[in-house]
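Biologist: Please take a close look at the nonpolar core of this model, and then work outward from there to the rest of the assembly. A plain account will do.

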Amino acid sequence: MNKIKIIKKGIITDNPVFVLLLGLCPVLGVTTSAYNGFGMGLATLFVLFMSNLVVSLIKNFIPNKVRIPSFIVVIASFVTIVQLTMEAFLPDLFDALGLFIPLIVVNCLVLGRSEAFASKNDTFSAVTDGLAMGIGFTLALTALGGLREILGSYSLFGYSFIEGDGMLVFVLAPGAFIGLGYLTAIFLKLIGER
Amino acid sequence: MAKRESTFANMVSTLLIVAGVAAFTLSMVYNVTKGPIERGRYERKQAAISFVVPEFDQLKSKNFLPPEGRDSLEFNLAYKNGELVGIAVQTYTNTGFSGYISAMVGFYPDGTIYDVVHLEHAETPGLGDKIEKDKSDWSDQFKDFDPSEKSLKLKQDQGDVDGITAATITARAYCDAINRAYVTLTENIDESHFKLEE
Amino acid sequence: MSLLTVSGSPHVHADESVRKIMYGVLISLVPAMLVSFYFFGLGAIIVTLTAVVSCVVFEFLIQKYLIKGPVTICDGSAIITGVLLAFNVPSNLPLWIVVVGSFVAIGMGKMTFGGLGKNPFNPALVGRVFMMISFPVQMTTWPKPIPLNTQLTDVVTGPTALAVVKDGVGRGEKVSELLPKVPEYMDLFIGNMGGSLGEISAIALILGGLYMLVRKIITWHIPVSYIGSVFIFTGILWWVNPDIYVDPVFHLITGGLMLGAIYMATDMVTSPMTPKGMLIFGIGCGVLTVVIRVFGAYPEGVSFAILIMNAFVPIIDRAFKPKRFGEEVKNG
């Protein structure tokens, strides 16, 4: 498959958050700031990339009937690696994301890409797909986190530009839904879907 | 390589191998990260303790059960030149707006509070998180607070602590956590600190 | 507003239009407006004007430049949203927050869904809840009423009667000890109490409601079932334990209940179409209001209750469909 098409699909036309609406738990849960969204995006990107790589390598070795448990073990291993490494070397980010890191395992985006793409394509395509989907996910999470941080705490990536507390609703859960709704609408309008 | 058939032997062996490789890899990673993780946790606790008690050169820790509540509190007794200079109590409350809040409360040996710092909480950003030292100076009012003379309750509850605007529940819970540490301390302290240090 | 909700034919022509209904509602709001101007002075007038102007301006901008459809600001619905929004905030609220609230009410509450007649939630309440969650400090700093006050600054602030009782009961004080700390019932009824702009005067709101009833802008079902269920529910609680539950009359004349029951819940777009549905809607609002007031974290629950019930309206409407013209009523 054409690599450029795969990349375009992952980032724009099949954007995992705004078009496929996959993995909404971390999307809504951790995007209280751009930094958190970016960190979660990178963690997911790493897991996606590695699990797509491994799954595409072992796809012929795995019998069909046990493919889902095998994929989950692969994914869970990489998630645990991310979790341990982050706790050891980026404790601040780990504090903010803590609860949501183990949830990458059940992020349907990761299993979805393994099942729908990596297990049916060659390794290079699978890795490209993992990278593109991961970038699309990271961009979406950073955008939503940035929007919520700008409106909710008047700052971006921790740099405050107006004194004060901001519109708290955007830091809280309802703001995640509101922000996601409007960003999705704008995104679809921009890529000409609606 | 053709796809392997879903025979029983194939399935069992595949799962075994996949799980085995995963377990091996994880154990390697765990070994590498174990050190830094524990060091990080230890350093953070150490930083919290040295934040809430005067300078010390030796630390001894001990657990006491509070009169109310099931979990025991960890008392960190700080010594300088063999003399007790402060007690850092790791305390908690479950009455926060989002439940559990833990804090490190430091006392002078006479029961006056030296300083307080939060450890964990999930309070509302912008409101309840004013209990954090770097978000607001609200918790500075506990410095040199003598709970034997003043009451560890909010002013609107006929106590002596200023509340947090729009986060009364959080402020009340924080007072509850500090009070739990204080009550447990007074139960276990006497003139010679014998029971405390023994 | 329900004129744009297409229901089963035939559409009987009545001598009414969106415009006529809207201006009828506006007239009925006048007594409550006057009371709030009397007690909260210049601040109330400025907040109301700001809300109305910004609602109309945002509606105009969004309709003209974003939706690029017909501009319908003259039908008065944006003016009503503005007035009701202002009625739901304290009179000393910073004006920029009023503008943000108006933007949310019109933009998020109404235009996102396609404009008048298509919004599932009451726009003014969307704006209010947004402000309530976003700016809890400013939204719960209630000025005390000073008749004919012309000062803008330095108003004395204090908690609402509901907050006094809720806080006190939470601390374990008895209701009978707390009631002396709130204004007398007669004052509460007339509106001499701290609170949002337009919610203070039960009597003025009831007058407006009666006017709308006579003009047939609203029917009795929602206000009566809403207020009635609050009265009965709090009455039962009070009967069970008068020490921790305050009496039902207090619940009726404090907070935003009258404003909510008469103006917010009856919004034609966001309430059920049939009388039966309206009764269920009103009872749901009433029960939720009491649950939030008595057991919830907030002292007041009217706006949350109505928004939650708004979400149920399509289901209620499906359960109680309007009868088709000529349809035979099945026996049994």
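Modeller: The model is a predicted one. The largest nonpolar core has 98 residues, and the members that touch the most others are Leu29(C), Tyr226(C) and Tyr263(C). Helix H1 of chain C, residues 18-66, contributes the most to this core, with 19 residues. The core lies between domain 1 (18-139) and domain 2 (153-319) of chain C, because both domains give residues to it.

Tyr226(C) can be followed further. With neighbours within four places in sequence left aside, Tyr226(C) is in contact with Leu257(C), Gly260(C), Ala261(C) and Ala265(C), among others. Its further contacts include Gly282(C), Cys285(C), Gly286(C) and Thr289(C), as well as Val302(C), Ala305(C) and Ile306(C). Of these partners, Leu257(C), Gly260(C) and Ala261(C) are among the buried residues of helix H12 of chain C. That helix spans residues 257-264 and is mostly covered, with eight of its eight residues buried. Tyr263(C), named above as one of the best-connected core members, is also a buried residue of H12(C). Met258(C), Leu259(C), Ile262(C) and Met264(C) are buried there too.

The two domains of chain C, 18-139 and 153-319, have C-alpha centres 21 Å apart. Between them, 38 residues of domain 1 are in contact with 34 residues of domain 2. Chain C as a whole has 14 helices and zero strands. Of its 332 residues, 54% count as buried. Among its contacts between residues at least 6 apart in sequence, 74% join residues at least 24 apart. The accessible surface of chain C is about 15,200 Å², and carbon and sulfur atoms account for 69% of that.

A second, separate core has 43 residues, including Leu93(A), Ile104(A), Leu144(A) and Phe187(A). Elsewhere in chain A, Thr128(A) sits in helix H7, residues 123-153. Thr128(A) counts as buried because its relative accessibility is 10%, below the 20% cut-off. Leaving out residues up to four places away in sequence, Thr128(A) touches Lys3(A), Ile6(A) and Ile7(A).

Nonpolar side chains also appear on the outside. A nonpolar surface patch of about 870 Å² includes Tyr35(A), Phe38(A) and Leu42(A). Ile150(A), Leu156(A), Phe157(A), Tyr159(A), Phe161(A) and Ile162(A) also belong to the patch. Helix H3 of chain A, residues 34-58, supplies the largest share of the patch, three residues. Phe161(A) is placed in the loop between strand S2 (159-160) and helix H8 (173-190) of chain A. With a relative accessible area of 48%, Phe161(A) is partly exposed.

The charged pairs come next. Over all chains, a search of the whole structure finds eleven salt bridges. One of them joins the side chains of Arg41(B) and Glu87(A), at 2.6 Å from N to O. Arg41(B) lies in helix H1 (residues 8-52) of chain B and Glu87(A) in helix H4 (residues 67-89) of chain A, so this pair joins two chains. Glu87(A) is buried, with a relative accessible area of 14%.

Within chain B, Lys80(B) forms a salt bridge with Glu55(B), and their closest N and O atoms are 3.5 Å apart. Lys80(B) lies in strand S2 (residues 73-80) of chain B and Glu55(B) in the loop between H1 and strand S1 (58-64), so the pair ties together parts that are 25 residues apart in sequence. Lys80(B) is partly exposed at a relative accessible area of 31%, whereas Glu55(B) counts as exposed at 62% relative accessibility.

Another salt bridge in chain B is made by the side chains of Lys133(B) and Asp115(B), at 2.9 Å from N to O. This pair links distant parts of the chain, 18 residues apart: Asp115(B) is in strand S5, and Lys133(B) is in the loop between strand S5 (113-120) and helix H2 (168-188). Lys133(B) is partly exposed, with a relative accessible area of 22%, and Asp115(B) is buried, with 4%. Salt bridges with shared partners join Asp115(B), Lys133(B) and Asp140(B) into one network.

Methods:
Residues are numbered from 1 along each chain as its sequence is written. Chains are lettered from A and ligands numbered from 1 in the order in which they are written. This is a predicted model: local features need pLDDT of at least 70, side-chain atom pairs count only at pLDDT 80 or more; totals for chains, interfaces and linings use all residues. Side-chain values use heavy atoms; hydrogens and water are left out. Patches are made of residues with over 30% relative accessible area and no salt bridge: like charges are joined within 9 Å, nonpolar side chains (Val, Leu, Ile, Met, Phe, Trp, Tyr) within 5 Å. Accessible areas come from the Shrake-Rupley method with a 1.4 Å probe; for residues, only the protein chains shown count as cover. A salt bridge is a side-chain nitrogen of Lys or Arg within 4 Å of a carboxyl oxygen of Asp or Glu. Helices (H or I, at least four residues) and strands (E, at least two) are DSSP runs, numbered from the N terminus. Buried means under 20% relative accessible area, exposed over 50%, partly exposed in between (1.4 Å probe, protein chains only). A nonpolar core is a set of buried Ala, Val, Leu, Ile, Met, Phe, Trp, Tyr and Cys residues joined through side-chain atoms within 4.5 Å. Domain bounds come from an automatic or database domain assignment. Contact means heavy atoms within 4.5 Å.
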